[in-house]
Amino acid sequence: MGLEYRRGEVKERAREQWIGACNVTLPSFTPDFAGLSPGGIAHDVQRAAALGFWGTLVASESGTTFDEYLVFMRIAAESCPPGLRLVAHLSFSTMDESLRAAKVAEDLGFEAALLSYPPSFVPTSAKEIVDATRHVAERTDLALILFGVATWGFGSLHRSGFPPEALEEMARLETAAALKYEGGGPALMSSFADIHRRCGDHVIVENPLEQHIPALADRYGTQWFGTSAYESFGDRVPRVLELLRKGEWDEAMAVFWSYHPGREAKGAFHASFAGANLIHRVGWKYLSWLQGFNGGLLRMPQMRLSPGQRRSLRAGLAASGFDLPDDDAGFFAGRIAG
């Protein structure tokens, strides 16, 4: 299949064609966790398309081995409906594994890759971060989504969590298409404004948290957001974006506020594991299952989802008017076993 573009076309393509929201597809496993569930994965990829997402991140860090992740990408590509874009997740133990995954993603015709840094990467300068990023960018033609977040542990190099001068240089890389920016901590909006000033001429600069979408669309003209588990709220994030693009602000904000109880419940859930430097992906799986996705547990080790957490998340979505399964019995095995 291969890429639909050349590396020199990345920036223009992103500006013209990246419009919408990119959700997250987590792996589904067989009941004995011995392997992947192709049917469950296909169901989730197709569900993302049906809900109106621009594309979906095929997530690593979710219980697959490296080789299984390559299979996961192939299953996603084989089941992907026309028009839905696939994004690889380059988060592994080594940069070599990231490059191997990027090569497979290229061959499968993925649209982009979300760049990460392995825990063994402990830079002592902004230059080292730029050099590591350039190392990947020069060895794959995939459009890259740069990821500026404090999770990488770069806080000793800048108080925002990621050196701005590094991002400014990285944004100029030929295949840098977008910057997923989550730096600044409690000073997020001020930090975002500075990074947009530095990088906005070279890449799409966005914050993936859906609660910021109207503000960023209005003040910065942002039309693409990702990657995040927007599927927690069914089709409402894509609907908000589409209404904003049409200039129908009152209607967009009506949808935006319609799922605020779900937003609050998910926010409280995320606050419960703050500082773990991990996402509670089983919780994400549960929220997506409530919205018609496959569900099923992830292979251990994962954070466990307690009955109380399920009740709180369910209550938030119920108060938002979503049509939910009557009980949670079907979540644990998933809708499709094989």
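Hi everyone. Let me start with a term we will need: a residue counts as buried when its relative accessible area is under 20%, as exposed when that area is over 50%, and as partly exposed in between. Please also keep in mind that this is a predicted model.

Now, which class does F33 fall into? Its relative accessibility is 30%, so F33 counts as partly exposed. You will find F33 in the loop between strand 1, residues 20-25, and helix 2, residues 38-50. Together with L297 and F332, F33 makes a nonpolar surface patch of about 230 Å².

Let's go inside. The largest nonpolar core holds 112 residues. Those with the most contacts inside this core are W18, M73, F110, Y117, F162, M170 and L179. And which helix gives the most to this core? That is helix 3, residues 66-79, which supplies 8 residues.

Take W18 as an example. If we leave aside its neighbours within four places in sequence, W18 is in contact with a whole list of residues, including R13, W54, R85 and E111. Also among the contacts of W18 are A143 and I145, and these two take us to strand 5.

Strand 5 runs over residues 143-148, and 6 of its 6 residues are buried. As general background, side chains in a regular strand alternate between the two faces of the sheet. Here, both faces of strand 5 are covered: one side has A143, I145 and F147, the other has L144, L146 and G148, and all are buried. Who is the partner? Strand 4, residues 112-115, pairs with strand 5 in the parallel sense, over 3 bridges. Within this pairing, A113 stands opposite L144.

Next stop, helix 8, residues 213-220. Which of its residues are buried? They are I213, P214, L216 and A217. The cover over these buried residues includes helix 7 (188-199), strand 8 (224-226), helix 9 (236-245) and helix 10 (249-258). Just after helix 8 comes G221, and its phi is positive, near 70°.

Last, let's come back out to the surface. R311 sits in helix 13, residues 307-319. Is R311 buried or exposed? With a relative accessible area of 58%, R311 is exposed, because the cut-off for that class is over 50%. R311 and A265 are 46 residues apart in sequence, and their C-alpha atoms are 9.9 Å apart in space.

That's my tour, thanks for listening!

Technical notes:
Residues numbered from 1 in each chain as written. Predicted model: local features only at pLDDT ≥ 70, side-chain atom pairs only at ≥ 80, totals over all residues. Heavy atoms only, no water. Patch = residues over 30% accessible without salt bridge, like charges linked within 9 Å, V, L, I, M, F, W, Y side chains within 5 Å. Areas by Shrake-Rupley, 256 points an atom, 1.4 Å probe, with all protein chains shown as cover. Salt bridge = Lys/Arg side-chain N within 4 Å of Asp/Glu carboxyl O. Helix = DSSP H or I, 4+ residues; strand = E, 2+ residues; numbered from the N terminus. Buried < 20%, exposed > 50% of the residue type's maximum accessible area, 1.4 Å probe, protein only. Core = buried A, V, L, I, M, F, W, Y, C linked by side-chain atoms within 4.5 Å. Contact = heavy atoms within 4.5 Å. Pairing = 2+ DSSP bridges.
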